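This report walks through one protein model, beginning with a turn and then widening the view. Please keep the sequence and the three-dimensional picture in front of you while reading.

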Amino acid sequence: LLDPVLMRQTFTLGNAVMIRLGENNIPYDDRFQLFLATKLPNPHYSPDMCTKVSLLNFFITPAGLEEQLLGKLVAKERKDLEDEKKHLLQSNANMLRELKEL
């Protein structure tokens, strides 16, 4: 249900930018941001989900913070490397899913 929002799958209907949620078309604003929170101490997210969202862990170590900030910097300055990382994560998720099916 959230995939269209996470992937920003918008379309134009007349002069309005829309997004489809379920069977409904809803006006979309480029400034829209979605924040989700959990009380779970160590939640698990699939690799597929990790390619679609930015995760922020508030219980983070200095080394973990450094890694997250470095990731943001690389994403901003070397978009090609960030795109390759996302592609590799998605490919890995697909291979793991395929392996489970065997």
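## A hairpin and its turn

β1 and β2 form a hairpin in which two residues lie between the strands, and G14, placed in the turn, has a positive phi of about 70°. The model is a predicted one, and the description of the hairpin should be read with that in mind. The two strands of the hairpin, β1 and β2, pair in the antiparallel sense over four bridges, and T12 stands opposite V17 in β2.

A positive phi also appears in R8, where the value is near 50° although the residue is not glycine. Most residues other than glycine have a negative phi. R8 is found in the loop between α1 and β1.

## The sheet as a whole

The hairpin belongs to an open sheet of three strands, which has the order β1-β2-β3 and antiparallel pairing. Because β1 (10-13) and β3 (24-27) stand at the edges and each has a single partner strand, one side of each is left without a neighbour in the sheet. From one strand to the next, the twist averages 45°.

On the other pairing of the sheet, four bridges join β2 (residues 16-21) to β3, and these strands run antiparallel. Here L21 stands opposite N24 in β3. As background, strands of a sheet pair through backbone hydrogen bonds, either parallel or antiparallel.

## A residue in the edge strand

Is L13, which lies in strand β1, buried or exposed? Its relative accessibility is 49%, so L13 counts as partly exposed, since that class ends where exposed begins, at over 50%. L13 and N42 are 29 residues apart in sequence, and their C-alpha atoms are 41 Å apart in space.

## Two helices that cross

Helix α3 (residues 62-77) and helix α4 (residues 79-101) have axes that come within 5 Å and cross at roughly 115°. Which residues meet where α3 and α4 are in contact? On the side of α3 they are G71, V74, A75 and E77, and on the side of α4 they are K79, L81 and E82. Sorted by class, the contact of α3 with α4 has three nonpolar residues, one polar residue and three charged residues.

D80 also lies in helix α4. With a relative accessible area of 44%, D80 is partly exposed. Measuring along the chain is not the only way to place D80, for D80 and M95 are 15 residues apart in sequence and 22 Å apart in space, C-alpha to C-alpha.

## The largest pocket

How many residues line the largest pocket, and which lie nearest its centre? The lining has 47 residues, of which V53, S54, L55, L56 and K72 lie nearest the centre, and the largest pocket has a volume of about 2,200 Å³.

Several helices take part in the lining of the largest pocket, since α1 (3-6), α2 (47-50), α3 and α4 each supply at least two residues. The helix α3 gives the most to this lining, with nine residues. By class, the residues of the lining divide into 26 nonpolar, 10 polar and 11 charged.

Terms used:
Residues numbered from 1 in each chain as written. Predicted model: local features only at pLDDT ≥ 70, side-chain atom pairs only at ≥ 80, totals over all residues. Heavy atoms only, no water. Axes fitted to C-alpha atoms, helices over the stretch in contact; angles between N-to-C directions. Contact = heavy atoms within 4.5 Å. Nonpolar A, V, L, I, M, F, W, Y, C, P; charged D, E, K, R; others polar. 1 Å grid on protein atoms, 1.4 Å probe; cavity = no way out; pocket = protein on both sides within 12 Å on 5 of 7 lines; lining within 4 Å. Points joined across faces, edges and corners; volume = space filled by probe spheres on them. Pairing = 2+ DSSP bridges. Buried < 20%, exposed > 50% of the residue type's maximum accessible area, 1.4 Å probe, protein only.
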